[in-house]
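Open the model in your viewer and set it to cartoon view. Keep the sequence panel beside it.

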Amino acid sequence: MTDARLVGTWTTELDDGGKSVPGLVAFTADGRVTSTQVNTKSIGLGNWESTGDGTFSYNFHILAVNDEGVHVGEAHVHVEGRLTADDRWEGTGGANFYDPRGQQLRGHDGAKVTARKFGIDK
């Protein structure tokens, strides 16, 4: 983890086929990621790494449950990003969806993600 500018908490906006999906993501100095989006019922946990000057990649897994709280699978999300300023980044990503036995059900790539860093509210 070499780009300290990424470390912190960010608001995100995912373009899901023309529909805006807001979320939050946090990057730690030791390479961990925590993420949530309004279209999920669980947080995502994963890892990030610097891939070059101002570029990075990250991935996280989200446990999926139905309305009764029964585990119905997982989403594995991946994003390639680029810092456009100290407090902004953009990237593209996708996800693969699995059933509880680990069989891939479907997947997609190419979704645009934008983010803005935030600090302590005053």
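The tour below goes from a pocket to a strand, then to a core and a single histidine.

This is a predicted model, in which local features need pLDDT of at least 70 and side-chain atom pairs count only at pLDDT 80 or more, while totals for chains, interfaces and linings use all residues. Residues are numbered from 1 along each chain as its sequence is written, and side-chain values use heavy atoms, with hydrogens and water left out.

**Stop 1: the pocket**

Select Gln 37, Thr 40, Ala 75, Val 77 and Phe 97. Of the 34 residues lining the largest pocket, these are the closest to its centre. The pocket holds about 580 Å³ of space. A pocket here is an open set of points on a 1 Å grid over the protein atoms alone, where a 1.4 Å probe fits, with protein on both sides within 12 Å along at least five of seven lines; lining residues have an atom within 4 Å of a point. The volume is the space filled by probe spheres set on the points, which are joined across faces, edges and corners.

Now colour strand S6 (71-85). S6 gives the most to the lining, with 7 residues. Strands are DSSP runs of E, at least two residues long, numbered from the N terminus.

**Stop 2: strand S3**

Select 32-37, which is strand S3. Which side chains are buried? Val 33, Ser 35 and Gln 37 point to one face and are buried, while Arg 32, Thr 34 and Thr 36 point to the other and are not. Buried means under 20% relative accessible area, exposed over 50%, and partly exposed in between (1.4 Å probe, protein chains only).

Add S2 (residues 19-27). S2 and S3 run antiparallel, joined by 5 bridges. Two strands pair if DSSP finds at least two bridges between them. Gln 37 is the bridge partner of Gly 23.

Next add S4 (residues 44-52). S4 is also antiparallel to S3, with 4 bridges. Here Asn 47 stands opposite Arg 32. A hairpin of 6 residues links S3 to S4.

**Stop 3: the core**

Show Trp 10, Phe 27, Tyr 58 and Trp 89 as sticks. They have the most contacts inside the largest nonpolar core, which has 21 residues. Such a core is a set of buried Ala, Val, Leu, Ile, Met, Phe, Trp, Tyr and Cys residues joined through side-chain atoms within 4.5 Å.

**Stop 4: His 78**

Finish in S6, where His 78 is found. His 78 counts as partly exposed because its relative accessibility is 28%. Asp 109 lies 31 residues away in sequence, yet 8.8 Å away in space, C-alpha to C-alpha.
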